[in-house]
Structures are given as structure tokens and as C-alpha cells.
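Work through the exercises below with the sequence and the model side by side, and try each task before you read its solution.

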Amino acid sequence: MNGFLAVFQIPELKKRLLFTISMLAVYRFGVFVSTPGVDVDKIRSMFESNANTIFGLINLFSGGALEQFSIFTLGISPYITVSIIIQLLTPSFPYLENLKKEGDAGRRIITRYTRQGTILLALVQSFMIARALESKGLAVPSFSFELITMITLTAGTAFVMWLGEQITERGLGNGTSIIIFAGIAARMPSVFGSTVELARTGEVSPFTVLALLLCSLVTIYCIIYVERSARKIPIQYPRRMIGKRMTQAQVQYMPLKVNMSGVIPPIFASAILMLPATVMTVIPGMDMSLFSRFFTPGEWGYESIYVGLIVLFSFFYTAVVFNPPEVAENLKKNGGFIPLVRPGAETSDYLYGVLQRLTLWGAIYISLVCVAPQMIYLSLGASQFAYVFGGTAVLIVVGVTLDTAAQIESMLVARNYEMFMSQSTKTGRGGMASVGGGRGRLVRR
């Protein structure tokens with residue numbers, strides 16, 4: 001809290017905070033601007049009857065834009081999906097791998113490819129949504145409606161993508177994560193208020209509300225505890241010459257987080273499960289009840305596939321963001337080594353073994369957090385509470401909050417360091433001046 005209050009005392013951080021809030025206000029305003037050519041009331045009634053399906057989860061990630069069928073219906077999801085796909089494909093394609101190693105120039109090219117892929121995916125998804133609305137009788141079938149829907153939803157996705165990039169560059173935190181955070185957090189007060197109202201009217205017992213709150217607090221505590229946990233690998237550096245100065249031998253620590261993949265596995269697993277559900281809505285005459293157990297959160301089929309995808313993407317994404325051979329090579333070049341482990345290949349194998357064990361525990365942790373609270377809420381009869389305060393949503397909200405707080409803290413530390421160095425420089429200049437004056441007086445005497 002002290003760090004958050006200090007933001008308002010620093011002009012640069014205050015400016016970044018106000019910019020982030022203004023961009024989120026624009027995003028939330030666009031959520032309520034509906035796409036032309038659809039009956040919004042019919043779509044809302046459809047969501048009320050299908051709130052427990054995977055489309056309720058899609059609506060949650062979009063911040064309620066799907067039930068409004070707004071211009072931001074697709075939200076940031078196409079951008080996230082394409083970004084993850086490119087990150088997963090980078091190690092397999094030498095061209096993308098070389099671009100990644102080229103620094104800022106290569107990253108700009110990869111960013112351009114990501115934007116282009118986002119536009120293509122948004123066009124495909126918007127076309128499928130338009131056909132689904134036509135097949136459900138929620139819109140008049142016509143080529144003009146499909147074209148308008150494709151243009152509108154794709155433009156909305158491009159605008160949300162631009163908002164995210166602006167927040168990342170000129171605001172606080174990662175723009176994409178902040179937008180997802182805003183969509184989920186915006187629905188939390190209303191859902192919590194409706195749950196309390198049900199308890200007041202007697203439809204839900206006070207014991208149930210207390211159980212929901214207790215489970216939510218325990219979930220948040222577990223998320224914070226594990227997200228802050230890391231395995232510290234000792235790195236020994238011998239005495240070495242840096243410039244004209246001899247440094248002493250020292251021991252540093254390489255922290256490997258338990259959950260190195262962050263919130264990527266549940267987000268990507270949800271995106272994978274959303275794709276077949278969206279495709280099946282376009283197929284005429286498709287009976288979705290046959291596959292309800294695979295597209296309804298809380299059913300054994302859905303949860304089994306969801307957990308399997310989380311474990312798969314936890315290992316896959318961790319392998320993408322952390323490369324043991326590269327880390328071992330960098331340690332060898334800098335003269336560092338792990339005690340009792342030979343530099344080079346043995347160090348790489350050692351890091352790989354530690355990483356595999358950490359990733360396994362991290363995947364188990366993510367699976368439990370994303371599944372267990374939601375199952376408890378559903379068993380208590382709080383379906384809306386289960387979606388908004390379920391493990392996946394809370395994991396995203398808490399994770400983004402911790403990352404943003406860490407960024408604010410690093411900015412505060414950097415600013416204090418700059419002030420300390422500037423004061424030291426002024427003090428040093430003053431000391432040299434007094435010494436020089438002393439010498440002058442000695443000469444005159």
C-alpha cells in the first residue's frame with residue numbers, strides 16, 4: 001500500500017496510472033456499444049439459459065461484451081491466441097528464432113506478424129459468429145450482415161489490441177493482461193452484490209455465503225503464496241578481473257519460479273476448448289446436447305480435458321520461456337557454476353531436471369486452483385459466483401495485480417536509485433571543490 005500511495009507523489013507514475021485508467025474507461029465504454037443488425041435482448045436471454053456453458057466463460061473473458069454483442073465481442077482473445085502460437089512455433093522455425101535473437105528490430109517484425117495474424121483470425125472468428133447467429137435465428141441471414149459483422153468485430157479487436165499496446169508502452173503493467181483483468185474485475189462487484197442479495201432474501205443461506213467467501217480467501221492466499229515461491233539455485237562466481245578491479249568470489253542465486261508459465265496455460269486451454277464449441281454452433285442441425293459434458297464447466301468431460309490441456313501447455317510454455325542449454329552456456333561464459341555440478345552439459349541437465357520437477361508441481365497447482373474452487377462453488381449452487389470468482393478468473397486477477405505491483409515497485413526503486421546517485425554526484429563534486437580549495441590555501445601559505 002505504501003508503494004501504491006507513492007505513485008501519486010511521483011509525477012511520472014501518476015501520469016502512467018491516469019493514462020491506464022483512461023484507456024480502460026474507453027474499453028469499458030466500448031463493451032456496451034452493440035454491433036448493428038442483431039437483437040441484443042434475444043442474445044441476453046440466450047445467455048441466461050446457457051450461462052453454465054463454455055460461452056459463459058467466453059463472456060467472462062470479454063467482460064460481458066459477448067452477451068451485449070458489442071464491437072469488442074472478440075476482445076483481446078485473437079491477439080492472445082496468435083501471440084501464444086507464434087511463441088510456441090518460434091523454437092521450431094529457424095527464421096522466427098533468428099528474429100527473436102536480433103533484438104528490437106526482430107521483435108518489431110514478430111510484432112507485425114502477430115498483428116497480421118490477429119486480423120486474419122478475427123475475420124475468421126467473426127464470420128463464424130455471424131453464421132452462428134443466423135442459424136440460431138438471432139439475425140436475418142444475409143451477406144451484408146456477415147460482412148458488417150466481420151468488419152465491425154475485426155475493427156473492435158484491432159482497437160483493443162492498440163489499447164493494450166498503448167497501456168504497455170505508456171501506462172502501467174502489461175496491456176493485454178490489464179484488459180483481461182479489467183473485464184473480469186468489472187463483473188465481480190455485481191456478482192458479489194447479487195449473491196449477498198440472494199442471502200438477504202433467503203434464497204441462499206448465510207452459511208453458503210460465508211463458505212463462498214472463505215473459499216475465495218483461501219484461494220487468493222494460495223495463489224499469492226505459490227506465485228511468490230521459487231527454487232533458488234546457488235551460482236558460484238570465482239575471483240575475476242573486471243576492468244582494472246579485482247572482484248572477490250561471491251555466491252548469487254538464480255530463482256526459478258514454481259509457476260514459471262504464469263496464467264498462460266489456463267488461458268490457452270480455454271481458447272482451445274472455445275474453438276470446437278464455436279465451430280459446432282455454425283454446423284446446421286448440430287445437437288449441442290450430445291457434447292454438453294465437454295463444453296459445460298463442472299462436468300467431468302470438460303474438467304478432464306481442461307486439466308490435461310493445462311498440464312500440456314505448462315510444460316510446453318515453460319520450455320519456451322526457459323532454455324537450460326542457453327542458460328548453462330551463459331553461466332560458463334561469465335565464469336559462474338553451480339556447486340558440485342560441472343559447467344556445460346551437466347549444468348544444462350541439472351537445470352532441466354529441476355525445471356521439470358518445478359513445472360510438474362506448477363501444473364498441479366494451476367489445475368487445482370482452476371478446478372477445485374469452481375467445483376466447490378457449483379456444488380453450493382452458486383453458478384454465477386463460480387464463473388466470476390472461480391479459480392481461473394481469480395488466478396488471472398491476482399497474477400496481474402502482483403505483476404503490476406512488482407513493476408511499480410521496480411520503478412520506485414529505480415527512481416530512488418537515480419536520486420541517490422544524483423545526490424552522491426553532487427556531494428562528490430562538493431568534496432573535490434573543498435579539497436582543491438585546501439590545496440590552494442596551502443600553496444599560498
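## Exercise 1: Enclosed space

This is a predicted model, and the structure holds two cavities of 30 Å³ or more.

Task: find which residues line the second largest cavity, and work out which element gives the largest share of that lining.

Solution. Begin with the volume: the second largest cavity encloses about 30 Å³ of space. Next, collect the residues around this space, which are V258, N259, M260, S261, S314, T318, L358, T359, G362 and A363. Then assign them to elements: α15 and α17 (345–379) each supply at least two residues of this lining, and the largest share, four residues, comes from α17. Finally, sort the lining by character, which gives four nonpolar residues, six polar ones and no charged ones.

One of the lining residues, T318, deserves a further step. T318 is placed in helix α15, and because its relative accessibility is 3%, under the 20% cut-off, T318 counts as buried. Between the C-alpha atoms of T318 and L355 there are 8.4 Å in space, although the two residues are 37 apart in sequence.

## Exercise 2: The largest pocket

Task: state the volume of the largest pocket, and describe which residues lie nearest its centre.

Solution. A general idea helps at the start: rolling a probe the size of a water molecule over the atoms shows where empty space is left. For the largest pocket, the volume is about 1,600 Å³. Its lining consists of 47 residues, and those nearest the centre are S83, Q87, N174, T176 and Y317. The elements that each give two or more residues to this lining are α6 (77–89), α8 (104–135), α9 (143–170), α10 (175–185), α13 (264–282), α15 (300–321) and α19 (391–444). Sorted by character, the lining divides into 17 nonpolar, 19 polar and eleven charged residues.

## Exercise 3: Salt bridges

Task: for the pairs R115 with E165, E197 with R200 and E227 with K257, decide how far apart in sequence the partners lie.

Solution. The principle comes first: side chains of opposite charge can pair when their charged atoms come close. Counting a side-chain nitrogen of Lys or Arg within 4 Å of a carboxyl oxygen of Asp or Glu, we arrive at six salt bridges, among them the three pairs of this task.

Step one: in the salt bridge between R115 and E165, the closest N and O atoms are 2.9 Å apart. R115 lies in helix α8 and E165 in helix α9, so this pair ties together parts that are 50 residues apart in sequence. R115 itself is partly exposed, with a relative accessibility of 37%.

Step two: E197 and R200 meet in a salt bridge at 2.5 Å, N to O. Both residues lie in helix α11, three residues apart, which is about one turn of the helix. Their surroundings can be compared with the cut-offs in mind, where over 50% means exposed and 20% to 50% means partly exposed: R200, at 62% relative accessibility, counts as exposed, whereas E197, at 36%, counts as partly exposed.

Step three: E227 and K257 form a salt bridge whose closest N and O atoms are 3.8 Å apart. This pair links distant parts of the chain, since E227 belongs to helix α12 and K257 to strand β4 (residues 250–257), 30 residues apart. E227 is buried, with a relative accessible area of 11%, while K257 is partly exposed at 35%.

## Exercise 4: A surface patch

Task: identify which residues form a nonpolar patch on the surface, and which elements give two or more residues to it.

Solution. The patch is formed by F192, V196, L210 and L213, which together have about 320 Å² of accessible area. The elements giving two or more residues to this patch are α11 (188–201) and α12 (206–227). To examine one member, take V196, which lies in helix α11 and is partly exposed, with a relative accessible area of 37%.

## Exercise 5: An unusual backbone angle

Task: explain what is notable about the phi angle of L340, and decide whether L340 is buried or exposed.

Solution. Most residues other than glycine have a negative phi. L340 has a positive phi of about 70° although it is not a glycine. L340 lies in the loop between α16 (324–333) and α17, and because its relative accessibility is 91%, over the 50% cut-off, L340 counts as exposed.

Technical notes:
Residues numbered from 1 in each chain as written. Predicted model: local features only at pLDDT ≥ 70, side-chain atom pairs only at ≥ 80, totals over all residues. Heavy atoms only, no water. Patch = residues over 30% accessible without salt bridge, like charges linked within 9 Å, V, L, I, M, F, W, Y side chains within 5 Å. Areas by Shrake-Rupley, 256 points an atom, 1.4 Å probe, with all protein chains shown as cover. Buried < 20%, exposed > 50% of the residue type's maximum accessible area, 1.4 Å probe, protein only. 1 Å grid on protein atoms, 1.4 Å probe; cavity = no way out; pocket = protein on both sides within 12 Å on 5 of 7 lines; lining within 4 Å. Points joined across faces, edges and corners; volume = space filled by probe spheres on them. Nonpolar A, V, L, I, M, F, W, Y, C, P; charged D, E, K, R; others polar.
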